[in-house]
Structures are given as C-alpha cells and as structure tokens.
Amino acid sequence: QVQLVESGGGSVQAGGSLRLSCAASGRTFSSLVLGWFRQAPGKEREFVAAISWSGDSTYYADSVKGRFTISRDNAKNTVYLQMNNLKPEDTAVYYCNAGGGSHRPGGSWGQGTQVIVSS
C-alpha cells in the first residue's frame, strides 16, 4: 500500500492558480498510475487527471483540460497538479490517488486538501 499526503490547497479568486502536491511513501511509487480526484459538497467524487508511471501519458477530465497540468517526479516520490485559471466550480476537496487506471481510482487515497475558488 502506498501512503499519500496532499498539500497546497487554499483559497483563491477566480482566475488564480494553485499547485497541489502529493508526497508518497512506498517502493512501488514509480510503477503506479497516479491521479487526482475531487469531491464538491453534495456531489460524488470525480476524476480530474491522471499520469502514467513514466509520465509520458496524461489524462484529463474535459472540465479541466487546458487549465490543469499533472506531472510527477519519481525521484522525489511526488505528483503535482498545477491548476490555472481556476473557476468557482473547481471548489472541492482534492484527493491524490495511486494504483488505478487512466480514469478509474486505485486503492490508495490521500486525506484530501481543500481548494476554494471565489468569484
């Protein structure tokens, strides 16, 4: 099992940017697909972005395509989510995930980090 800890959430105005980080422990980190999911109040958790073990392939939800960028540094056991041009509808708790597929989650979750975007 991979242990995941997110950081970097906060409050920003619409149009602003945030960078989320997810630090992982576990020797299998570099072999796993990593992803970000989010859950807004009253809504189900949804896929945001994912990245292959090599970093060569990335996947995005249509709602964030062109605004968010996922990346990873296997030497640092860290995955990032750069979020630009944030919108109020991006407000949610963001969760890091490991071990899934391109759009489906795996069994390892972080505790979540809150992102609030005000208009």
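Colleague: What is the handedness of the link of cysteine 22 and cysteine 96?

Modeller: Happy to start there. The sign of the torsion about the S-S bond is the thing to look at: at -85°, the link of cysteine 22 and cysteine 96 is left-handed. Do keep in mind that this is a predicted model.

Colleague: Which parts of the chain does this pair tie together?

Modeller: First the general idea: a disulfide is a covalent bond between the sulfur atoms of two cysteines. In this structure, cysteine 22 sits in strand E3 (residues 18-25) and cysteine 96 in strand E9, so the pair ties together parts that are 74 residues apart in sequence. The S to S distance between cysteine 22 and cysteine 96 is 2.2 Å, inside the 2.5 Å cut-off for a disulfide.

Colleague: How many disulfides does the count come to?

Modeller: The count comes to one disulfide.

Colleague: Are cysteine 22 and cysteine 96 buried or exposed?

Modeller: Both cysteine 22 and cysteine 96 are buried.

Colleague: Let's turn to aspartate 90. Where is aspartate 90 found?

Modeller: Look in the loop between strand E8 (78-83) and strand E9 (92-98). Aspartate 90 has a relative accessible area of 0%, and buried means under 20%, so aspartate 90 counts as buried.

Colleague: What does the side chain of aspartate 90 reach?

Modeller: That side chain reaches the backbone nitrogen of lysine 87 at 2.8 Å.

Colleague: And leaving aside neighbours within four places in sequence, which residues is aspartate 90 in contact with?

Modeller: With that filter, the contacts of aspartate 90 are Arg38, Arg67, Phe68, Asn85, Val115 and Val117. As for serine 119, 29 residues from aspartate 90 along the chain, the two C-alpha atoms are separated by 11 Å.

Notes:
Residues numbered from 1 in each chain as written. Predicted model: local features only at pLDDT ≥ 70, side-chain atom pairs only at ≥ 80, totals over all residues. Heavy atoms only, no water. Helix = DSSP H or I, 4+ residues; strand = E, 2+ residues; numbered from the N terminus. Buried < 20%, exposed > 50% of the residue type's maximum accessible area, 1.4 Å probe, protein only. Contact = heavy atoms within 4.5 Å. Polar contact = N/O pair within 3.5 Å; in protein donor to acceptor, adjacent residues only side chain to side chain.
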